[in-house]
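Trainee: Could you take me through one part of this model in detail, and then show me how that part sits in its surroundings? I would like one connected account rather than a list.

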Amino acid sequence: MYLDADGEEIFGPDYQPQSAPEKGLPLYIGRPNAGISPPENLLLLPQESLRQNSQVWSLPTEDSQRQFPGDVPILRDVRKGFQTWQMPRLTPNRRLPAPPSDPDAVMKVHYVYVGQGAGAIVELPCGVAVVDLGGEYGGGDGSVDGGALFVDYLKGFMQQHPGYDNKIDVVYLSHPHSDHINGARQLRESGLRVEKVVDNGQTSDKGPVGRQTAFRSWATDNDLAHRYTAVELARQVTATGATNAAIDPFSCATVTAFWGGVNERLSFKPYSTPNNHSVVVRFDFGQASFLFMGDLQDTAAKDMLEQFDENTEVFDVDVLQLAHHGADNGINDDLLKVVSPRIAVVSMGDKTSMGTSSARGYGHPRLESLTVLQDDPVTVTDMRSSPHSYWGYSHSNVDPSSYTVRRAIYGTGWEGTIVVTASQSGQYTVETGQSH
Ligand SMILES: [Zn+2]
């Protein structure tokens, strides 16, 4: 196993997951929505056109020459490479969501406390999604099992909502790191059913990528062609993101993917870390909007912003799950300015865990990240009703420092499970669980 300076697993020379041979459902342009509208002059290409011209995506084979994204044309340049007459017309594969029949309908996102890691439940009037399957395992004394925490919460949720019939419409795995996939085993044993799976397409028969590969096979009952989608950057050519019936199986909301697996050659920085291959998805529900960033780090966030530089408003949402648990490398100032969230949520562990994969072990969240969110520059626009003293880290493996939170920044390691309720008109309420 290869680790980076922060102790996170990276791809090494003898651990090279392949791109999934079965891509699942074809990707389509992200559906125009309240916050996502394609510029009129935008060239939209189907993935097959790109595949046929895929030499533009090949990277130098020599390690010393590998760089990203300098060697890879950004999508805008790829689109420019096509003559207008070559542009096949794209047909969005799904109708737009119906106007809300019930203006009082709400959606909720449950950011579940899973120790150091991430796992969220998106509760819609028309279905349920899961974004990552937390979480921390060990805690130094074996006391933390984030995967069990997540799946226990999910089972309780399903018992309280029998109308969902114990069925999850779609599970999005942002990337195959343990803190995002540890609950896969408990989910398989839970009796709950999964209808569709979206992941970054990385495939292996071992390690965490092997767990992702096995999960997708189990959850879809090996019907990858109809119940699965690999979100890979090389398959996306629009500036509106991508969607299809796996990414967005919902009639009452819109889901769009912006980022995922970048390339099959993974041993070059900064893409040696699985974090930078995180699936990034956005939910729209009436005027309400949520963005899930996985563990995308600042360099990849910058590249992502560049890919969408004609249409950066696709990232302008109200509720942001902060990338990479509030790590210093999870902050990209330019992206945060575009997102300009009203509310930011950090999924991280409790400060009492002494495990190597704990919030303390990684130093999440970093004080400097919190400072960017509420001080310099101010990126989170809503305020808490009153300031509250929590904590953050100056480095990994040091004692936490107290930190006063004034803006609408919430942390699962501070407050336990966080539930954000959103109305169709874009009104939000935030409830926090028991302190850990
Ligand atoms: Zn993580």
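Mentor: The expected span of a helix is 1.5 Å times one less than its number of residues, and that is the yardstick for the part I have chosen, helix 6. Please keep in mind throughout that this is a predicted model. Helix 6 covers residues 207-219, which makes 13 residues, and the distance from its first C-alpha to its last is 18 Å, close to the 18 Å expected. Just after the helix comes D221, which has a positive phi, near 55°.

As for how helix 6 is covered, its buried residues are P208, V209, R211, Q212, T213, F215, R216 and A219. One of these, R216, deserves a closer look, since an arginine in that list may catch your eye. R216 counts as buried because 28 other C-beta atoms lie within 10 Å of its own, where the cut-off for a buried residue is 20 or more. Setting aside residues up to four places away in sequence, R216 touches V197, D199, L224 and Y228. With V197, which is 19 residues away along the chain, the C-alpha separation is 6.1 Å.

Those contacts lead naturally to the sheet beneath the helix. Helix 6 lies across strand 10, strand 11 (193-199) and strand 13, and its direction makes about 140° with that of strand 11. These strands belong to an open sheet of 8 strands with mixed pairing, in the order 13-11-10-7-6-5-23-24. Strand 13 (228-230) is one edge and strand 24 (428-432) is the other, each pairing on one side only, and from one strand to the next the twist averages 15°.

Moving along that order from strand 10, we reach strand 7 (residues 127-133), which runs parallel to strand 10 (residues 167-172) and is joined to it by 3 bridges; within this pairing, V131 has Y172 as its bridge partner. A second helix also packs on the sheet: helix 3 touches strand 5 (106-111), strand 6 (119-124) and strand 7, and its direction makes about 15° with that of strand 6.

Strand 6 is itself mostly covered, with 5 of its 6 residues buried. Its pairing with strand 7 is antiparallel and has 6 bridges, with V122 standing opposite A129, and the two strands form a hairpin through 2 residues. Strand 5 is also antiparallel to strand 6, here over 4 bridges, and Y111 stands opposite A120 in that pairing. In general, strands of a sheet pair through backbone hydrogen bonds, either parallel or antiparallel.

Helix 3 also connects this region with the nonpolar interior. The largest nonpolar core has 103 residues, and V280 and A344 have the most contacts inside it; helix 3 (residues 146-160) gives the most to this core, with 6 residues. In soluble globular proteins, nonpolar side chains tend to be buried together. Beyond its neighbours within four places in sequence, A344 is in contact with L320, L322, L373, V380, A408 and I409.

One of those contacts, L320, brings us to another enclosed strand, because L320 in strand 18 is the bridge partner of L291. Strand 17 (residues 288-292) has 5 of its 5 residues buried, so it is largely enclosed by the rest of the structure. Its two faces are both covered, with A288, F290 and F292 buried on one side and S289 and L291 buried on the other. On the antiparallel side, strand 16 (residues 280-285) pairs with strand 17 over 5 bridges, among them the one between F283 and F290. The hairpin between these two strands has 2 residues between them, and G286 takes a positive phi there, near 60°. On the parallel side, 3 bridges join strand 17 to strand 18 (residues 319-321). The chain passes from strand 17 through helix 8 (residues 298-307) to strand 18, in a right-handed β-α-β crossover.

For scale, the whole protein has 12 helices and 24 strands, and 52% of its 436 residues count as buried. Among its contacts between residues at least 6 apart in sequence, 70% join residues at least 24 apart. Returning to the part we began with, helix 6 lies across strand 10, strand 11 and strand 13, and R216, which is buried, touches V197 and Y228 among others.

Methods:
Residues are numbered from 1 along each chain as its sequence is written. This is a predicted model: local features need pLDDT of at least 70, side-chain atom pairs count only at pLDDT 80 or more; totals for chains, interfaces and linings use all residues. A nonpolar core is a set of buried Ala, Val, Leu, Ile, Met, Phe, Trp, Tyr and Cys residues joined through C-beta atoms within 7 Å. A residue is buried if 20 or more other C-beta atoms lie within 10 Å of its own, exposed if 12 or fewer, and partly exposed in between; C-beta atoms are placed from the backbone. Two residues are in contact if their C-beta atoms, placed from the backbone, lie within 7 Å. Two strands pair if DSSP finds at least two bridges between them. Axes are lines fitted to C-alpha atoms, for helices over the stretch in contact, and angles run from 0 to 180 degrees between N-to-C directions. A crossover is right-handed if, with the strands pointing away from the viewer, the path from the first strand over the helix to the second runs clockwise.
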